[in-house]
Amino acid sequence: MASEPEPEGPAIDQSLLECSAEETAGKWLQSTDLTREVYQHLAHYVPKIYCRGPNPFPQREDMLAQLVLLGPMEWYICGEDPAFGFPKLEQANKPSHLCGRVFKVGEPTYSCRDCAVDPTCVLCMECFLGSIHRDHRYRMTTSGGGGFCDCGDTEAWKEGPYCEKHKLNTSEIEEEEDPLIHLPEDVITRTYNIFAIMFHYAVEILTWEKESELPADLEMVEKPDTYYCMLFNDEVHTYEQVIYTLQKAVNCTQKEAIGFATTVDRDGRRSVRYGDFPYCEQAKSVIVRNTSRQTKPLKVQVMHSSIVAHQNFGLKLLSWLGSIIGYSDGLRRILCQVGLQEGPDGENSSLVDRLMLSDSKLWKGARSVYHQLFMSSLLMDLKYKKLFAVRFAKNYERLQSDYVTDDHDREYSIADLSVQIFTVPSLARMLITEENLLTIIIKTFMDHLRHRDAQGRFQFERYTALQAFKFRRVQSLILDLKYVLISKPTEWSDDLRQKFLEGFDAFLELLKCMQGMDPVTRQVGQHIEMEPEWEAAFTLQMKLTHVISMMQDWCALDEKVLIEAYKKCLAVLMQCHGGFTDGEQPVTLSICGHSVETIRYCVSQKKVSIHLPVTRLLAGLHVLLSKSEVAYKFPELLPLSELSPPMLIEYPLRCLVLCAQVHAGMWRRNGFSLVNQIYYYHNVKCRREMFDKDIIMLQTGVSMMDPNHFLMIMLSRFELYQIFSTPDYGKRLSSETTHKDVVQQNNTLIEEMLYLIIMLVGERFSPGVGQVNATDEIKREIIHQLSIKPMAHSELVKSLPEDENKETGMESVIEAVAHFKKPGLTGRGMYELKPECAKEFNLYFYHFSRAEQSKAEEAQRKLKRQNREDTALPPPILPPFCPLFASLVNILQSDVMLYIIRTILHWAVEHNGCAWSEAMLQRVLHLIGMALQEEKQHLENVMEEHVVTFTFAQKISKPGEAPNNSSSILAMLETLQNAPYLEVHKDMIRWILKTFNAIKKMRESSSTSSVAETEGTITEESSRDKDKAERKRKAEIARLRREKVMAQMSEMQRNFIDENKDLFQQTVAEEASNSAVLDNSPMVSDTTLTALGPAQTQVPKQRQFVTCILCQEEQEVKVESKAMVLAAFVQRSTVLSKNRNKVIQDPEKYDPLFMHPDLSCGTHTGSCGHVMHAHCWQRYFDSVQAKEQRRQQRLRLHTSYDVENGEFLCPLCECLSNTVIPLLLPPRNIFNNRLNFSDQPNLTQWIRTISQQTKALQILRKEERIPNIASSKNSENMDELQLPEGFRPDFHPKNPYSDSIKEMLTTFGTATYKVGLKVHPNEEDPRVPIMCWGSCAYTIQSIERILSDEDKPLFGPLPCRLDDCLRSLTRFAAAHWTVALLSVVQGHFCKLFASLVPNDNYGDLPCILDIDMFHLLVGLVLAFPALQCQDFSGISLGTGDLHIFHLVTMAHIIQILLTSCTEENEMDQETPAGEEELAVLALYKTLRQHTGSALKEIPSGWHLWRRVRTGIMPFLKCSALFFHYLNGVPSPPEIQVSGTSHFEHLCNYLSLPNNLICLFQENSEITKLLIESWCQHNEVKRYLEGERDAISYPRESNKLIDLPEDYSSLINQASNFSCPKSGGDKSRAPTLCLVCGTLLCSQSYCCQTELEGEDVGACTAHTYSCGSGVGIFLRVRECQVLFLAGKTKGCFYSPPYLDDYGETDQGLRRGNPLHLCKERFKKIQKLWHQHSITEEIGHAQEANQTLVGIDWQHL
Ligand SMILES: [Zn+2]
Ligand SMILES: [Zn+2]
Ligand SMILES: [Zn+2]
Ligand SMILES: [Zn+2]
Ligand SMILES: [Zn+2]
Ligand SMILES: [Zn+2]
Ligand SMILES: [Zn+2]
C-alpha cells in the first residue's frame, strides 16, 4: 500500500535514530564474547523496533532494523562501510553459472520438450529467450510459486544448458573450485562468526514454542505487559467462516475482518488483537469456541509481544542472509557451512536439520522465507547441494510423516523440495546407492497405508475421512518415486544394481498388497445396497502407472537386473498364488480328441479382482526378456522353465471374462462402481499397465502351451464350454424356448470370446511381442484414432497414453500418417488420415471402445463406398511375432479353433433354428481372414527349403467331423455368400474366397502338387456371382446418392428461407406493391439525386407491406393503420468514446442536449430486423413476463435476459431485445405536402426569421411559466413582442398517426430515455426527445465508423437488419416530436439553435469546440418541425433543413480549422493554389483576425483545404445516411461502390457546393457575425491560449489494445502485476481490459468494491467506468476472453491466441506456445464495434445454461 501513508503509530524512540552501525560493529570487533554481545544488542533493540502496537508498520520497522540491527552486521562483515565493502566482494566474485531465479506465483516458466531431462526442468523467461530452446518444441506454463530456474544446470538439459547470459561465466569456471579463495581471510572469519550467531538466533527464535517467555539470553529487563492474539492459517476453515468469526471475536468491521483473513491466508498468521493478557485471551476463547463446532478449531495463540518481535526480526534476518550471499559465492559457501554444521546434540542438530524438522510447526510465512533461503543457498552451491540432499534423504521419513499429518498444501512444505533434489540425476543416483532412497520412499509410503485385509491387501473400503485425507497427501510420495526414477542410468555399478533390486523388492511388496484388492462377487437376486468404494484403489493404480512403467524401463537397461527382477517378480507371484488349486477338484475338458485338466472356477460365482499388478509387471518383464539378446541366444539362462502357463493366464483371463460378463449384462446388480472400474481398466490413463498387460500375459501363456488346451480353458472360463461341447446346442436352445436373456447373454459372451482371440493374435504392436519398434506402435494408435474421424491435436493427444514426460511420441509420426488442415475463423486445426493408411485399419483394434468401433466401422465403409470399392474391411497385414511369441499363431489353425469356427458357421447356415448373431459371424469371418493373411505372409516370406507349416487353407477345405457330417468351412462360406440375410457381409466373404484362391495359387506354384478339382468351380461361380453383385451394388449406390441429393436440396432450400426470412417478407412485398424500386430505377437515376432541401429529388410514394412474425398476417405500413414494430436493443455505449474517464455523475440532473465531441457516452440502438404487430408483441411480452414470474418462484434461476428490465428474446431469432421500434413511412412527406412554396429565403434571411421566432417563443414561454407577474409588465412584454409575419404560436397541429403508432412512439422513446440515462422511465420527461435524437445520431455515427474502418462503401449493400434498423430509427426519431409536448421540443430547438446563432437569453451554452456537430444537426433537423408547423409565412420544411445543414456544416468547418492548428512542420506544396485553397486561406485569415492572431499562421491553403476535406468527411457521410433514411431519396450509384473518397458525390447529394468555403462567401454578411460570436466564447480563447484541449478531426476509430504476438509476454506482464489494494501481493486472477489496457485483480475479495449497493469484483466495477457496463477482458492466467454486460450477464469467449496446431488453450493446460491470431482478434473487435457483445453473451447463455448460474459480478 505504498500510496497510502501509514497510520500514525507510537512515536519513534529517539535513541534508535542515534544508533551508529559503525560504532556497534566496532564494539563487536573488540568483543571477546561476540555471541553475548550481539544477543544483548538484539535483546535490547528488537522489541523497541518491532511490534509496538496493534498494527504492523512494515516500512518503519524495515528502516529501523536496517539502521540499528542489520547495519552493524554489514559493517562487521566488511570491516568497512558496506557501501564500499560489498561491491568489492561482488567484483572479486566468480559468479556461479546457475541462474537459480526463484519463481513468483503466476510467472511464466518454459521447458524444452526436446532437451529437458524431465518436465520439471524449467527456465525463467529471460533465460529462455536467450537460449537455443526458443526454437525448439517448448512448453509454457505458469509457476505456482516456488521452484527456480534451471539455467546453467548441465544435468537438467541434454543440450543447451546455458542461456547467453549465463554462458558468459562458464568459460572461467573450474569445476569444484573453492569459492572461498576469492574472499580475504579476515572477511571469511568475521562472516563465519556473524553468520553462525545470526543463523542460530533466527532458527532458535522461529522454532521457539513458549508463548510468553523468551530464551534466557534474550529476556528483557523490564518486560511490558503487552500481548498479541495471534490467529493462524489452516486449510480447513473457509474465508467466510474466518471473517464471520473475527467480526464476532474482536468486534471489528467486515472490512477489517477481510483484511485479517487475507493476511492470515497469505502469511499464515496475523495478530488480531493487541493488549494485556486477559484481553487477548478473551478473543482467543471466542474464536476457538466459534470454530470448534464441526471441525477442529482455528489455531490461536496469545503471545508476548517481545516474542512476536523477535520472530518478525528472525524472518527479516533470513531474507537478509539471502540477499547478502548474493554478493559473493564465497559468502554463500560460508552460510552453507554454518547451516549444515552439526550442532552439539549430534545427529540432526545442524541448523538446517532443525528448521526442516520443525517445518510443519511453522506458519506459512516463516516456511516460505526459509525455503527461499535454502533455494538460494544450499541448492545453488554444487558441493553443499549434495550434502543437503543427504540430510534431506536421511530425514525423509520424518519430513514426509510431518507433511502427511500437517494440513498445509504441499507447496508450503519442505517436503516439496524433493523435486529440486531428486530430479537431479547424479543426486538421485547417489541417494539410491548411498542412502537406499528407493527403498526408503516405498517403505515410507507403505507405512502410511496400514489398513489391510486378512490377506495383507490394501483395504480402502471403510476409510474414515481422516484416512482418506492422509491417503491423498501420501500420494505425493509416489511423485517422489517418479522423480527418482525419471532419469535412467546410463551405467550400472554393482552397488546401483544391488540397491535398485532392493528397491524393486520393496516395490513388489507394495504391488503384492494391491494384487487382488477390492475383489467383487456377482450379485444375484438383489441389487447391491451400497456402491462399494473403488476410487481409492484406482487412484493408487493410476498414480503408480508411470512408476510401474519406469521400473520396467530401468530393468530393460541391464540384462542382469532384468533377469533378477524377473525371478523376484515370479517368486512374488507364486506367493500370491499360494493355495491356487487348494481344495478344488480338477475337472477334465475335452473337445476334438484333445483334453486338459483345469480347476473348477466360475467368474460369475466367485470372487474376482481387477487389480493384478504383480501379474502385469511380470508380463511387462516378459516382453522385455523377449526383446533381449539372451532370449534367443541363451534361453536356458531364463527362468522360463519355472513358469506354469495355466497359472500365468488364470487371473488375467478371469479379469477379461469379468469384462465380457459385465458387457453381457450379467453383473447389472453390482451397480456403477463396477462399470466404472471396467471403464478405467480400458481407459487411456490406466490401460498400459492393466488391460494391455493382461492381453500380453495371455499371449505369453498361449505361446507356451498347446493352443487347444488354452482354448478349452478359455471356453470354460467364459462359461461356454457346455455350449460348444454339446452337439446341436443351437437347435436345442431355440426349440426349448429358453429364457431369451440367457440366449442373448451367451451370444454376447461368444462374441466377446472371439474378439479376445482376435486380439491375442492380432495385437503384436508392442515391441517384444511383435517385431516392431515404438514408432510403429504409436503410428498404429494414431491411424486407428483418425479412422474414427479427423481430430484436433489436443483430442488426439488425449486419446494416446502419455509417458512420464507427458510425451506421446505423436509428433514424430503424425506427418507420416495424417494431413493437417488449418482452422478458419472459428474451429480448430484438424488432422486427417492419409488415404494410403486406411489399409492398416483393423476393425477389432483393441483400444477401441464399442462406440468408437462402430463409428470407425461406419466411417471406413463410407470411405470405401466413396472410392467405389467393395465394403469389406479385411484384417490388415500384421508384422511377425518375436521368437518367444512365434508359436502363438498356431491357435488359428488349432483343432478347437476350427471346431469353434465350423460350429458358428453351421449355426449361421441353418440360421432359422439357431441362436447365433451377425456380430458372431463377423468375428468368425475376421478370424478366418486373419488366418489366411497369416498363411499368405508365410508363403511370401518363406525361405528356400522351408516348409510352411501353417496350413489353414488346406484345413478349411476339408469337411469336418463335427457337428455331424458337416461340410467344409469353405463350403459353408460359399453357401453363406448367397444368403439373403447376410447382405452386409457378402463383400467380406468374397474377399475371403479370393484370398483363399490366391493362397492356393501360391502353393501350386511353389509345389507342383495339384489340389482339388473343386477349385475351378469356385472361381467360376464366384466370378459370376461377382458380376451380379457388382451390378446390384452400383444400382444401390446410385439410389443412395439420389436420395441424398434430394435431401440436401430440400434442406438447403429450407435453410435459405430461414436465414433470409425478413428478406423474403419484405422484398416480396415491395415488388408486389408495384412502386418504383429504390435503387437503380431509371426514373430517378438520370437526374442528380438530392437528399434534402427545396431541390430534393421527389420520390414516388411507395407502399410497404410486411408480415408479422408472430401471427403471419401481412399488413401495409401506413400512417393510420395499426403499428408494426421491430424488436430492438438499446444500450449505452462507449465504443466511440474518446474520454473513458467521463461518467454521468447524477443521471437525474444530467442534461444530454449537447453531445460533447468526445462522444463519451452514447446510446446505441440495434435490431435484428424482425417485424411484429405491436399488439402481437405486447401479447408475447406479457406471456414471457408471466412465465418468468412463475419460473422464478419455482426455480430461483436466472435467465439470460432480465424481464424486469423489459428484456426479451426476439421470438424468431432469439436475439436479445429490450424494446421495439415502430415502422414508419418517411415522416417529412406527411407534413411537406401541405403547401406549395416558391420564393424561399436565403440563409441570412432565414436565420433572421428563425431568430425572431425563437425570441417570440421565449417570451411567450416565460409568460406561461410566470403567469402571476403583474399584468402591466405583462402587457409591456406583449408590446415588445412583435410576432413575425405568418407565425402562429397558438396553432397546434393534429397528430396524423394512429393511436397504436403513437403508443409505440412513446414506448420506444421512453425505453431509450430509461436505458440511455439509466433512470426510471418517465415519458413526460423533457429529455425523452433529446435521447431519441441522440440515439439516432450515435447509431448512425457508429455505423459510419464500421463502414469506414472496413473500407466499405457508404451505401453499399448493408445487411438487411442494419438497413431496417437505421431506417426505422431515423424515421422514428423524426416522428417522435408528435407525441412530445410542442413547447418542450420548441425549447430544445431554441437552445440548440442558440448555440450557433447568438441569443442573449442563453448564458451558459457550450462553445463550438465542445459540441458534436452531427448530434447538433440531427437535433436541430428533427426538432425543427415543431417550430415550422406554426409558421405560415411560406418557408418550407425543406428550406429549413437545408439552411440548418449549411449552418451546422459551416460551424463544423470553423471547428476543424480551429482545432487543426496544432500540427507542425508540414511540407509546403509547390503547385499553384486552386480555387478552394485560396478560399480557405482567406477564411483562415478572417478567423485569425477574430481570434486576435492566436491562431498559428499557415501559409499554405493546400494544407488547410486538405484538412477540411478529411476532417469533414465523417460528418458528410453521417449526414448523407441521415437524410437518406429521413427522406427516402435513393443514394447516387457512385457512392454505392467502394473506391476513392466520394467527396464531390456526397456534396452533390447533400446539396452542398463542392467548394465548401463558398458557403461562407455566399453569406458573407451573416458569416462574419457568426464567426465572431463563435470565437468570442471564453472556452475558445482558453483553447487558443493553450489552457485546454479540444478534439480534432477526423476522430480516429477506437481500437482494442495492441496485444503481443507471443502470449508468454502477456503472462510475464501479468506476473509482475500486483493487487493494487493489498500491498504488493501478487494478484491471483490478473485480468486485462482489452478496451483500455488496464490490468485488474479479478475474482478476489481484496479488490471488491461497492457498486449501486452491491459488492462487485474488479472487472464488473471496471466495466461501469470503461464501457458503460459492457466489458471485454482477457483472463491472463486462463487465456480466456471474458465478456461482461451489466452485473448478471457474462460469458467466456475463445481467445485470439492459437498454438501451432490451430487450437486455443483455455486454462493453459497444454502449454503449447501460443501466438496471436490477428483475424480472431479482429473478430472480437468487430463484435465490439457492432455493439454485439451483449447479444453474444445472450446467445452463449441460451446455448449453455451453466453460464447463467455463474456469479459474473464477482469477477
Ligand atoms: Zn533463469
Ligand atoms: Zn540463464
Ligand atoms: Zn531444446
Ligand atoms: Zn401479428
Ligand atoms: Zn429477430
Ligand atoms: Zn486485489
Ligand atoms: Zn477498460
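**Briefing: two antiparallel sheets and two charged residues**

An open sheet of five strands, in the order 18-17-21-22-23 with antiparallel pairing, is one element of this structure. The model is a predicted one. A second open sheet has three strands, ordered 4-3-5, and its pairing is likewise antiparallel. Two charged side chains, Arg-473 in helix 21 and Lys-1726 in helix 65, are also described below.

**The five-stranded sheet**

- In the sheet ordered 18-17-21-22-23, the edges are formed by strand 18 (1639–1641) and strand 23 (1689–1693); each has a single partner strand, so one side of each is left without a neighbour in the sheet.
- Neighbouring strands of this sheet are turned against each other by 30° on average, direction ignored.
- Three bridges connect strand 17 (residues 1630–1633) with strand 21 (residues 1670–1675) in the antiparallel sense.
- Within this pairing, Thr-1631 has Arg-1675 of strand 21 as its bridge partner.
- Helix 64 (residues 1658–1666) packs on the sheet and touches strand 17, strand 18, strand 21 and strand 22 (1680–1685). The direction of helix 64 makes about 135° with that of strand 21.
- Helix 66 (residues 1733–1743) also packs on the sheet, where it touches strand 21, strand 22 and strand 23. The direction of helix 66 makes about 80° with that of strand 23.

**The three-stranded sheet**

- In the sheet ordered 4-3-5, strand 4 (269–275) and strand 5 (300–304) are the edge strands, each pairing on one side only.
- The twist from one strand to the next averages 30°.
- Strand 3 (residues 227–232) and strand 4 run antiparallel and are joined by six bridges.
- Tyr-228 stands opposite Tyr-274, which belongs to strand 4.
- Helix 11 (residues 277–291) lies across strand 3, strand 4 and strand 5, and runs at about 135° to strand 4.

**Arg-473**

- Arg-473 belongs to helix 21 (residues 465–474).
- Arg-473 is buried yet has no salt bridge. The nearest side chain of opposite charge, that of Asp-406, is 4.4 Å away, whereas a salt bridge requires a side-chain nitrogen within 4 Å of a carboxyl oxygen.
- A polar atom of the Arg-473 side chain lies 3.5 Å from the backbone oxygen of Val-404.
- Not counting residues up to four places away in sequence, Arg-473 touches Tyr-403, Val-404, Asp-406, Asp-407 and His-408.

**Lys-1726**

- Lys-1726 is located in helix 65 (residues 1718–1729).
- With a relative accessible area of 34%, Lys-1726 is partly exposed.
- Lys-1726 and Ile-1346 are separated by 380 residues in sequence, yet their C-alpha atoms are 8.2 Å apart in space.

Conventions. Residues numbered from 1 in each chain as written. Chains lettered and ligands numbered in written order. Predicted model: local features only at pLDDT ≥ 70, side-chain atom pairs only at ≥ 80, totals over all residues. Heavy atoms only, no water. Pairing = 2+ DSSP bridges. Helix = DSSP H or I, 4+ residues; strand = E, 2+ residues; numbered from the N terminus. Axes fitted to C-alpha atoms, helices over the stretch in contact; angles between N-to-C directions. Contact = heavy atoms within 4.5 Å. Buried < 20%, exposed > 50% of the residue type's maximum accessible area, 1.4 Å probe, protein only. Lys, Arg positive; Asp, Glu negative; His and termini not counted. Polar contact = N/O pair within 3.5 Å; in protein donor to acceptor, adjacent residues only side chain to side chain.
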